[in-house]
Amino acid sequence: GGIVGPRLETVSWEGSSRPLSQNQLQMWLLAQGGQSASYNMPFAFDVEGAIDICRLQEALNYLCSRHEVLRYRYTPDSAGEVSGDVIGMDGFAVPVRSEDACDEAALRRLLAAEAAMEFDFVIGPLIRCLVVSHGWSKAHTLVISIHHAVGDLWSLNIIKSELSVVYNRLPCKWSDLGLEPLQLCYADVARWQGKWLESEACAEAEEYWKTCLHGAPAVLQVPTDHPRPARPEYSLGMRNWELSPSLSGKFEQLARKLGVNEQAVFMGLVNVLLMKYSSTDDIVVGMPCAGRDMPGTQDLVGFLINTLPVRTTSSTDDTFGDIVSRVSKSVRSALQHGALPTAEIVRAAGVERSVGVNPVFQVMVQYFGDGSDFNEGGDLTFDDHKAVPSKYMGGLSKAKMDIFFSYVNGTLTVEYM
């Protein structure tokens with residue numbers, strides 16, 4: 001967009017009250033509607049060896065002192081307005097629970113219960129940890145759960161990287177741990193967003209999205225195995241494919257030929273697929289945007305991700321190259337107006353809402369190729385024991401979209417309700 005909004009500034013916050021971002025307010029509303037556990041983010045690892053629970057506890061406490069958003073609780077006032085309240089570090093401890101599992105079935109039951117357990121927004125904090133000892137081996141499964149209200153996937157990878165560093169440097173004084181000081185805290189971003197939403201830049205973005213989504217189909221109609229339930233169950237199906245290097249390389253070749261990036265080629269493929277099965281030439285998909293363009297936000301734990309609609313129309317005589325070029329243009333335009341939170345985009349679009357259906361878009365597409373800015377974080381190790389993503393956590397994630405197409409470094413994943 002042409003109009004420059006307010007600058008993101010570091011604030012010296014006094015007291016414990018903090019403004020909430022639009023993303024956090026949206027999570028509060030969903031929690032009031034009984035959908036809180038659907039936005040739990042459990043991060044599970046299997047560790048071949050011992051975990052020192054005392055060191056783990058101290059490392060997690062340190063991360064919560066460093067990233068105060070992990071100590072938020074929600075405080076509604078008499079008028080119904082809600083703000084964040086930072087729990088003081090005096091006496092604070094991340095809830096860490098130890099359990100024993102006699103076999104794999106017992107372990108899976110414990111993990112399922114952990115994934116489904118609701119957080120209490122008013123009591124806080126919105127982070128907890130579970131360590132399960134395997135009764136049949138020396139291994140453990142570690143689950144760090146946060147609520148989406150205090151973080152996103154990028155945040156989980158920050159937590160993974162920093163936890164590994166801190167755990168392996170303890171015991172020592174926190175001042176000797178050696179992590180670079182943060183330039184910002186999440187409340188600085190929420191404050192900036194509040195000012196931005198009152199700026200001319202916001203008004204320009206609202207007008208853009210209103211125009212962009214005018215007349216767009218409210219629901220993408222694709223054939224389904226079963227009738228859509230009145231209330232989504234969020235149960236998740238998933239398929240993964242490892243693409244050969246030669247096939248993955250064709251994204252890059254085609255992108256170079258068409259003068260676009262590889263993301264546009266992948267989104268173009270998804271669009272063609274959706275056009276075929278929906279019998280429509282007007283497609284809107286969601287595109288996750290990290291929301292970490294501003295200096296200081298890359299190292300910050302917090303819910304910064306924003307999902308932007310990408311609308312592409314086509315005609316019967318379009319070539320695949322025409323569709324990809326149009327997708328590329330739509331993506332660039334969306335990113336230029338991407339500071340407007342998703343909920344505000346929906347409001348600006350004025351689209352017709354349907355019960356049990358995600359508004360504006362029901363299909364999500366993300367692409368992370370080699371060299372992308374996707375933050376996978378470093379390895380997580382506990383002394384000499386490397387933690388690997390748990391093989392026992394499968395099937396416990398929740399679906400947020402009808403279909404989610406994801407390409408990450410050669411792996412194509414399709415999730416579906």
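The following legends describe close-up views of a predicted model.

**View A. Packing of helix α2 against helix α4.** Helix α2 spans residues 53-66 and helix α4 spans residues 153-169. Their axes lie 9 Å apart and form an angle of about 125°. Helices α2 and α4 are therefore oblique to each other, and their crossing is right-handed. On the side of α2, the contact is made by R55, L56, A59, L60, Y62, L63 and R66. These residues meet I159, E162, L163, V166, Y167 and N168 of α4. By class, the contact of α2 with α4 comprises nine nonpolar residues, one polar residue and three charged residues.

**View B. Packing of helix α6 against helix α10.** Helix α6 (residues 200-212) packs on helix α10 (residues 342-349) at an angle of about 60°. The distance between the two axes is 8 Å. The pair α6 and α10 is therefore classed as oblique, and the crossing of these helices is right-handed. Helix α6 contributes E206, W209 and K210 to the contact, while helix α10 contributes E344, I345, A348 and A349. Four nonpolar and three charged residues make up the contact of α6 with α10, and no polar residue takes part.

**View C. Packing of helix α8 against helix α9.** Helix α8 covers residues 262-278, and helix α9 covers residues 320-336. The helices pack at an angle of about 115°, with 8 Å between their axes. The crossing of α8 and α9 is right-handed. From α8, the contact includes Q263, A264, V265, M267, G268, L269, N271, V272 and M275. From α9, the partners are F320, I323, V324, V327, S328 and V331. The contact of α8 with α9 holds 11 nonpolar and four polar residues, and no charged residues.

**View D. The largest cavity and the backbone at V360.** The model contains two cavities of 30 Å³ or more. The largest cavity encloses about 40 Å³ of space. Its lining is formed by P217, A218, V219, L220, D282, I283, V284, V360 and Q362. Seven of the residues lining the largest cavity are nonpolar, one is polar and one is charged. V360, one of these lining residues, has a positive phi of about 75° although it is not a glycine. V360 is placed in the loop between α10 and β11, the latter comprising residues 363-368.

**View E. The second largest cavity.** The volume of the second largest cavity is about 30 Å³. Residues R66, H67, E68 and V69 are among those that line this cavity. The lining also includes L182, L184, C185 and Y186, together with L300 and V301. Of the residues in the lining of the second largest cavity, seven are nonpolar, one is polar and two are charged. R66 appears both in this lining and in the contact of α2 with α4 shown in View A.

**View F. The cis peptide bond between G124 and P125.** The peptide bond joining G124 and P125 is cis, with an omega of about -10°. P125 belongs to the loop between α3 and β6. Helix α3 covers residues 104-116, and strand β6 covers residues 127-134.

**View G. The cis peptide bond between L170 and P171.** A cis peptide bond also connects L170 to P171, and its omega is near 0°. P171 is located in the loop between α4 and α5, where α5 comprises residues 186-196. Helix α4, which borders this loop, is the helix that packs against α2 in View A.

Technical notes. Residues are numbered from 1 along each chain as its sequence is written. This is a predicted model: local features need pLDDT of at least 70, side-chain atom pairs count only at pLDDT 80 or more; totals for chains, interfaces and linings use all residues. Side-chain values use heavy atoms; hydrogens and water are left out. Axes are lines fitted to C-alpha atoms, for helices over the stretch in contact, and angles run from 0 to 180 degrees between N-to-C directions. Helices (H or I, at least four residues) and strands (E, at least two) are DSSP runs, numbered from the N terminus. Angles under 35 degrees count as roughly parallel, over 145 as roughly antiparallel, 65 to 115 as roughly perpendicular and the rest as oblique. A crossing is left-handed if the near helix is turned anticlockwise from the far one by less than a right angle, and right-handed if clockwise. Contact means heavy atoms within 4.5 Å. Ala, Val, Leu, Ile, Met, Phe, Trp, Tyr, Cys and Pro count as nonpolar, Asp, Glu, Lys and Arg as charged, and the others, Gly among them, as polar. On a 1 Å grid over the protein atoms alone, a cavity is a set of points where a 1.4 Å probe fits but cannot get out, and a pocket is an open set with protein on both sides within 12 Å along at least five of seven lines; lining residues have an atom within 4 Å of a point. Grid points are joined across faces, edges and corners, and a volume is the space filled by probe spheres set on the points.
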